[in-house]
Amino acid sequence: ARVGLIQSPAYFEDDFHRYLVEGQALSNGVDPYLTSPEEFGDSILFSKVQIPQELRKSLYIHSLQAGYSWMPAIYPPLVIYWFSFSDSLQELGFFSLALEILILSLCYLLLPPAKRWVLLLWFLHPLVLVEGYLNRHYDLLIGLCLLFTLCSKIKGWSRIAGIALGFAVHLK
């Protein structure tokens with residue numbers, strides 16, 4: 001289901017337009033907290049930034065469709081850095097899926113065998129599928145950090161749990 005939803009268009013949200021524009025702005029040395037998606041979109045059409053022509057067109061279209069495109073970055077720096085790893089919505093989705101599988105695998109190893117079934121609740125929960133993969137909200141990462149916090153705490157790793165909780169707070 002996740003792979004199928006990664007390939008589908010995001011029907012209910014337009015946040016991912018801003019994700020891609022702000023991530024690429026950061027990747028190309030433009031401060032997304034000083035430059036709005038609209039300004040970045042206008043500047044990449046005619047600038048000397050080393051962006052391939054197809055990506056320029058795509059980013060310009062995303063900059064026009066971003067919600068509140070006149071406003072500079074609204075997401076925390078760590079999240080914008082995460083957005084900068086991808087050039088497209090599908091890449092961002094597959095990157096999210098890989099990260100989710102990694103964290104769920106770590107949680108599987110941390111939990112006692114009798115409690116591992118709880119991870120199925122995360123994996124099958126419709127809210128995770130809809131918000132994380134259909135609507136493309138990055139809040140999936142916050143939930144994964146909280147899940148890892150709980151698993152680390154069950155294992156007795158209080159410091160690791162604290163670090164994971166700190167990541168969750170920082171991501172929001």
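Is Tyr19 buried or exposed, and what is its relative accessible area? In this predicted model, Tyr19 is buried, with a relative accessible area of 1%. The residue belongs to helix α2, which spans residues 15-27.

The search for aromatic contacts gives two aromatic pairs. In one of them, Tyr19 and Tyr75 meet edge-to-face, with 5.3 Å from centre to centre and 70 degrees between the planes. Tyr75 is placed in the loop between α4 (53-65) and α5, so the contact with Tyr19 in helix α2 ties together parts that are 56 residues apart in sequence. Like its partner, Tyr75 is buried, and its relative accessible area is 10%. Tyr68 and Trp70 also form an edge-to-face pair, with a centre-to-centre distance of 6.4 Å and an angle of 80 degrees between the planes. Tyr68 and Trp70 are both exposed, whereas Tyr19 is buried and Tyr75 is buried. A further ring contact involves a charge: the charged end of Arg116 sits over the ring of Tyr108, at 4.3 Å from the ring centre.

Side chains of opposite charge can pair when their charged atoms come close. Over the whole structure, two salt bridges are found. Arg18 and Glu22 are joined by a salt bridge with an N to O distance of 2.5 Å. These residues, Arg18 and Glu22, are both in helix α2 and stand four residues apart, which is about one turn of the helix. Both Arg18 and Glu22 are buried. Helix α2 therefore contributes Tyr19 to a contact with the loop between α4 and α5, and Arg18 and Glu22 to a salt bridge that lies inside the helix.

The salt bridge between Asp139 and Lys172 has its closest N and O atoms 3.7 Å apart. This pair links distant parts of the chain, with Asp139 in helix α9 (residues 139-155) and Lys172 in the segment after α10 (158-171), 33 residues apart. Asp139 is partly exposed, at a relative accessible area of 34%. Lys172 is exposed, and the corresponding value is 62%. The setting contrasts with that of Arg18 and Glu22, which are buried.

No disulfides are present, the count being zero. Cys145 takes part in no disulfide, and the nearest cysteine sulfur, which belongs to Cys107, is 9.9 Å away. Cys145 is buried, with a relative accessible area of 13%. For Cys151, the closest cysteine sulfur is again that of Cys107, at 3.5 Å. The cut-off for a disulfide is 2.5 Å between the sulfur atoms, so the separation of Cys151 and Cys107 is too far for a bond. Cys151 is likewise buried, at 2% relative accessibility.

On the surface, Leu26, Tyr81, Phe85 and Phe95 make a nonpolar patch of about 380 Å². Among these residues, Tyr81 is located in helix α5, which covers residues 77-83. The relative accessibility of Tyr81 is 47%, so the residue counts as partly exposed.

Methods. Residues numbered from 1 in each chain as written. Heavy atoms only, no water. Buried < 20%, exposed > 50% of the residue type's maximum accessible area, 1.4 Å probe, protein only. Patch = residues over 30% accessible without salt bridge, like charges linked within 9 Å, V, L, I, M, F, W, Y side chains within 5 Å. Areas by Shrake-Rupley, 256 points an atom, 1.4 Å probe, with all protein chains shown as cover. Salt bridge = Lys/Arg side-chain N within 4 Å of Asp/Glu carboxyl O. Helix = DSSP H or I, 4+ residues; strand = E, 2+ residues; numbered from the N terminus. Phe/Tyr/Trp six-rings, centres within 6.5 Å; stacked < 30°, edge-to-face > 60°. Lys NZ or Arg CZ within 6 Å of the ring centre and 35° of its normal.
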